[in-house]
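Here's a quick tour for someone new to reading protein structures. Take a look at the picture first, then work through the notes.

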Amino acid sequence: VNEDFLKLTIDEYMGDVQDKTRIRDLHLELMGDVIMLMPTVQSARFHRGNATEEELALSRTVMSYWANFARKGDPNGEGLILWPRYDHDEGYMHLDLKQEAGSKLKEHRVKFHAELQKQKGRTKSEQDVKADGQQRSEL
């Protein structure tokens with residue numbers, strides 16, 4: 001991301017807003033647009049009119065899950081693979097041309113990132129102890 005892009009983006013979203021709460025809200029809107037809106041819209045536009053029969057069936061399936069959830073608070077319904085509750089088993093539904101219920105989505109990646117956070121925390125704690133020791137020795 002270059003500096004010109006950042007300036008244009010900040011100007012588009014923030015303008016001359018000074019209120020900290022409004023800046024926070026606009027920042028959240030920006031992040032949502034970058035992370036969710038743009039990839040979703042771009043993907044939808046790319047696939048518009050180019051879907052295979054399998055993809056159209058997937059679309060109908062996903063719409064059925066969403067409609068059931070909106071109607072009764074539960075995505076499950078007749079003819080659909082059971083969408084598991086998210087509880088201690090961390091059940092989820094893998095939505096693809098073939099739906100599959102699973103548990104502990106990408107658990108190996110979760111463990112990887114959790115370990116990185118622990119290491120980062122230890123490194124930060126070690127740096128804090130060193131800095132604290134240096135400050136005391138200067139006194």
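What follows goes from the overall build to two residues and then to a pocket.

This is a predicted model. Its secondary structure adds up to 4 helices and 2 strands, and if you walk along from the N terminus, the order is α-α-α-β-β-α.

**The whole protein**

- The protein has 139 residues, and 11% of them count as buried.
- About 12,200 Å² of the protein is exposed, with carbon and sulfur atoms supplying 56% of that area.
- Take the contacts between residues at least 6 apart in sequence: 14% of these join residues at least 24 apart.

**Tyr65**

- Look for Tyr65 in helix α3, which covers residues 53-72.
- Is Tyr65 buried or exposed? Its relative accessible area is 2%, and buried means under 20%, so Tyr65 is buried.
- Leaving out neighbours within four places in sequence, Tyr65 is in contact with Pro75, Leu80, Ile81, Trp83, Met93, Leu95 and Gln99.
- Ile81 from that list also has a polar link to Tyr65: the Tyr65 side chain reaches the backbone oxygen of Ile81 at 2.6 Å.
- Gly77 sits 12 residues from Tyr65 in sequence, and their C-alpha atoms are 7.5 Å apart in space.

**Gln99**

- Where is Gln99? You'll find Gln99 in the loop between β1 (91-94) and β2 (100-103).
- Gln99 counts as buried too, because its relative accessibility is 14% and the cut-off for buried is under 20%.
- Not counting residues up to four places away in sequence, Gln99 touches Leu58, Thr61, Tyr65, Ile81, Met93 and His94.
- So what does the side chain of Gln99 reach at 2.6 Å? The partner is the backbone oxygen of Asp96.

**The largest pocket**

- Rolling a probe the size of a water molecule over the atoms shows where empty space is left.
- The largest pocket has a volume of about 180 Å³.
- Two elements each give two or more residues to the lining of the largest pocket: α1 (3-14) and α2 (20-47).
- Helix α1 provides the largest share of that lining, with 6 residues.
- Residues lining the largest pocket include Phe5, Leu6, Tyr13, Leu30, Asp33 and Met38.
- Sorted by class, the lining of the largest pocket has 9 nonpolar, 1 polar and 2 charged residues.

Conventions: Residues are numbered from 1 along each chain as its sequence is written. This is a predicted model: local features need pLDDT of at least 70, side-chain atom pairs count only at pLDDT 80 or more; totals for chains, interfaces and linings use all residues. Side-chain values use heavy atoms; hydrogens and water are left out. On a 1 Å grid over the protein atoms alone, a cavity is a set of points where a 1.4 Å probe fits but cannot get out, and a pocket is an open set with protein on both sides within 12 Å along at least five of seven lines; lining residues have an atom within 4 Å of a point. Grid points are joined across faces, edges and corners, and a volume is the space filled by probe spheres set on the points. Ala, Val, Leu, Ile, Met, Phe, Trp, Tyr, Cys and Pro count as nonpolar, Asp, Glu, Lys and Arg as charged, and the others, Gly among them, as polar. Buried means under 20% relative accessible area, exposed over 50%, partly exposed in between (1.4 Å probe, protein chains only). A polar contact is a pair of N or O atoms within 3.5 Å; within protein, one must be able to donate a hydrogen and the other to accept it, and residues adjacent in sequence count only if both atoms are side-chain atoms. Contact means heavy atoms within 4.5 Å. Accessible areas come from the Shrake-Rupley method with a 1.4 Å probe; for residues, only the protein chains shown count as cover.
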